[in-house]
Amino acid sequence: MKPEQRKEYVDIWVLVHLGVGISQTKPHTVLTHQEIFYSLHEAQQAQTFEALKSGYKYEVFHLEFPL
């Protein structure tokens, strides 16, 4: 029996901010940045820009999708 070949993946990075929700029934809101990034470097640059521009601290999340 041959081992299966590794599937190829698409990697993306997103910026996520946890904030206090507007409604009292939802104590936390997850806000995502409007863009997705195809490299960690691009995501980190956007994270720095958003921190300087708006003061929000975004976390970088890496997502991997099999093809």
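Author: Patches are made of residues with over 30% relative accessible area and no salt bridge, and nonpolar side chains are joined into a patch within 5 Å. The structure above is a predicted model.

Reader: Which residues make the nonpolar surface patch of about 360 Å²?

Author: One member, Leu67, lies in the segment after strand 3 (59-66). Leu67 has a relative accessible area of 69% and is therefore exposed, which is over the 30% that a patch residue needs. The patch is made by Val10, Leu63, Phe65 and Leu67.

Reader: In what order do the elements of the protein chain run from the N terminus on?

Author: The protein chain holds 1 helix and 3 strands. Strand 1 covers residues 9-20, strand 2 covers residues 28-37, helix 1 covers residues 40-54, and strand 3 covers 59-66. Read from the N terminus, the order is β-β-α-β.

Reader: What share of the contacts with a separation of 6 or more comes from residues 24 or more positions apart?

Author: Pro66, in strand 3, offers an example of such a separation. Leaving aside neighbours within four places in sequence, Pro66 is in contact with Glu8 and Tyr9, and its C-alpha atom is 8.8 Å from that of Asp11, 55 residues away along the chain. For the protein chain, the share from residues 24 or more positions apart is 59%.

Reader: What percentage of the residues in the protein chain is buried?

Author: A residue counts as buried under 20% relative accessible area. The protein chain has 67 residues, and its accessible surface comes to about 6,000 Å², of which 58% belongs to carbon and sulfur atoms. The buried share of the residues is 21%.

Reader: Which residues make up the largest nonpolar core?

Author: In soluble globular proteins, nonpolar side chains tend to be buried together. The largest nonpolar core here has 6 residues: Trp13, Leu15, Phe37, Ala43, Ala46 and Tyr58. Strand 1 and helix 1 each supply at least two residues of this core. To name the members once more, they are Trp13, Leu15, Phe37, Ala43, Ala46 and Tyr58.

Reader: Which residues is Ala43 in contact with, leaving aside its neighbours within four places in sequence?

Author: Ala43 belongs to the largest nonpolar core, whose members also include Trp13, Leu15 and Phe37. These three are among the contacts of Ala43, together with Val60. The full list is Trp13, Leu15, Phe37 and Val60.

Reader: Is Glu50 buried or exposed?

Author: Glu50 is found in helix 1. Not counting residues up to four places away in sequence, Glu50 touches His33, Gly55, Tyr56 and Tyr58. Its relative accessibility is 9%, under the cut-off of 20%, so Glu50 counts as buried.

Reader: About how many helical turns separate Glu50 and Lys53?

Author: The side chains of Glu50 and Lys53 meet in a salt bridge, with 3.5 Å from N to O. Lys53 counts as exposed because its relative accessibility is 54%. Glu50 and Lys53 are 3 residues apart in helix 1, so the separation is about one helical turn.

Reader: How many salt bridges are there?

Author: One of them joins the side chains of Glu50 and Lys53. Another joins those of Lys57 and Glu59, at 3.2 Å from N to O; Lys57 is exposed, with a relative accessible area of 60%, and Glu59 is partly exposed, at 37%. The count of salt bridges comes to 2.

Reader: How far does the backbone oxygen of Lys57 lie from a polar atom of the side chain of His17?

Author: His17 lies in strand 1. With a relative accessibility of 11%, His17 counts as buried, whereas Lys57 is exposed. The backbone oxygen of Lys57 and the polar side-chain atom of His17 are separated by 3.2 Å.

Reader: How far apart in space are Leu31 and Leu18, C-alpha to C-alpha?

Author: Leu31 is found in strand 2 and counts as partly exposed, at 39% relative accessibility. Leaving aside neighbours within four places in sequence, Leu31 is in contact with Leu15, Val16, His17 and Tyr58. Leu31 and Leu18 are 13 residues apart in sequence, and their C-alpha distance is 6.3 Å.

Conventions
Residues numbered from 1 in each chain as written. Predicted model: local features only at pLDDT ≥ 70, side-chain atom pairs only at ≥ 80, totals over all residues. Heavy atoms only, no water. Helix = DSSP H or I, 4+ residues; strand = E, 2+ residues; numbered from the N terminus. Buried < 20%, exposed > 50% of the residue type's maximum accessible area, 1.4 Å probe, protein only. Polar contact = N/O pair within 3.5 Å; in protein donor to acceptor, adjacent residues only side chain to side chain. Patch = residues over 30% accessible without salt bridge, like charges linked within 9 Å, V, L, I, M, F, W, Y side chains within 5 Å. Areas by Shrake-Rupley, 256 points an atom, 1.4 Å probe, with all protein chains shown as cover. Salt bridge = Lys/Arg side-chain N within 4 Å of Asp/Glu carboxyl O. Core = buried A, V, L, I, M, F, W, Y, C linked by side-chain atoms within 4.5 Å. Contact = heavy atoms within 4.5 Å.
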